[in-house]
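Work through the exercises below with the sequence and the coordinates at hand, trying each task before reading its solution.

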Amino acid sequence: MSANGAERALSGTTLCAGEASGTLLVLAEPLSFWGGTDRKTGMIIDTHHPQHGISMAGCVLLMDASRGSSSSSSVLAEQLRAGVGPAAILLTARDAIVALGALAAAELYDTHMPIVLLDAAAATALRRNAELGDYSAGVLKSFARHISVRADADGRADVVLAYPTDHTH
């Protein structure tokens, strides 16, 4: 338990090392960064995606995997350089295109966005947290106030959800 409320820790496997925190954004469907997101703003611009119009900037993104073009890695790297990319990405399947984007941003721009592979139980726990959340102005706001991701180079990764004191699980 933190000084301001309860915490829940989940474990995963590091795909790209780094440390970040933000609000949880659970994608309802896979997303292509190339053509599906705006490289200058981090907004989801794919008009067929159920979360069209939502910004990924600074969010901890949960998705099963990406969809589409290998050019997605360059768009993700550019978003990270511009400061409009996700703070971290949590996946349920290995995704070389997403990982390549994060690795390119680390090498070229010294920007280290963690990518973590979660098992089904951990992903379900996060989705359940999101279902308890608040959809305000079309944006899913997580029940947890704060989600921290720490992905170490040795392969161990931790995802910590912090809950307000009056809303524990």
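**Exercise 1: Salt bridges**

Task: find how the side chains of R127 and D64 meet, and place both residues in the chain.

Solution: The side chains of R127 and D64 meet in a salt bridge, with 2.8 Å from N to O; the term stands for a side-chain nitrogen of Lys or Arg within 4 Å of a carboxyl oxygen of Asp or Glu. The pair links distant parts of the chain, since R127 sits in helix α4 (residues 120–131) and D64 in the loop between β4 and α2, 63 residues apart. Helices (H or I, at least four residues) and strands (E, at least two) are DSSP runs, numbered from the N terminus. The model is a predicted one, in which local features need pLDDT of at least 70 and side-chain atom pairs count only at pLDDT 80 or more, while totals for chains, interfaces and linings use all residues. Residues are numbered from 1 along each chain as its sequence is written, and side-chain values use heavy atoms, with hydrogens and water left out.

The next step is accessibility, where buried means under 20% relative accessible area, exposed over 50%, and partly exposed in between (1.4 Å probe, protein chains only). R127 is partly exposed because its relative accessible area is 24%, and D64 is partly exposed as well, at 40%.

Task: which residue forms a salt bridge with R67?

Solution: The partner of R67 is D46, the closest N and O atoms being 2.5 Å apart. This pair, too, links distant parts of the chain, with R67 in the loop between β4 and α2 (72–82) and D46 in the loop between α1 and β4, 21 residues apart. R67 is partly exposed at 36% relative accessible area, whereas D46 counts as buried at 12%. A further salt bridge joins D158 and R156 at 3.4 Å, N to O, and the count comes to five salt bridges.

**Exercise 2: The sheet**

Task: in what order do the eight strands form the sheet?

Solution: The open sheet has the order β2-β9-β10-β1-β6-β5-β4-β3, with mixed pairing; two strands pair if DSSP finds at least two bridges between them. The edge strands are β2 (18–22) and β3 (24–26), each of which pairs on one side only. Beginning at the β2 edge, β2 and β9 pair in the antiparallel sense over five bridges, and the bridge partner of A20 in β9 is V149. Strand β9 (residues 146–151) is in turn joined to β10 (residues 156–162) by six bridges, again antiparallel, with A162 as the partner of H146.

Along β2 the side chains alternate, so that G18, A20 and G22 point to one face and are buried, while E19 and S21 point to the other and are not; in a regular strand the side chains alternate between the two faces of the sheet.

**Exercise 3: Two loop residues**

Task: is T37 buried or exposed, and what does its side chain contact?

Solution: T37 lies in the loop between α1 (33–36) and β4 (60–63), and it is buried because its relative accessible area is 5%. Its side chain makes a polar contact (a pair of N or O atoms within 3.5 Å; within protein, one must be able to donate a hydrogen and the other to accept it, and residues adjacent in sequence count only if both atoms are side-chain atoms) with the side chain of Q79, at 2.9 Å. The backbone oxygen of F33 lies 2.6 Å from a polar atom of the T37 side chain.

Task: what is the sign of phi at D110?

Solution: D110 has a positive phi of about 55° although it is not a glycine. Most residues other than glycine have a negative phi. D110 lies in the loop between α3 (96–109) and β6 (115–117), and is exposed at 60% relative accessible area.
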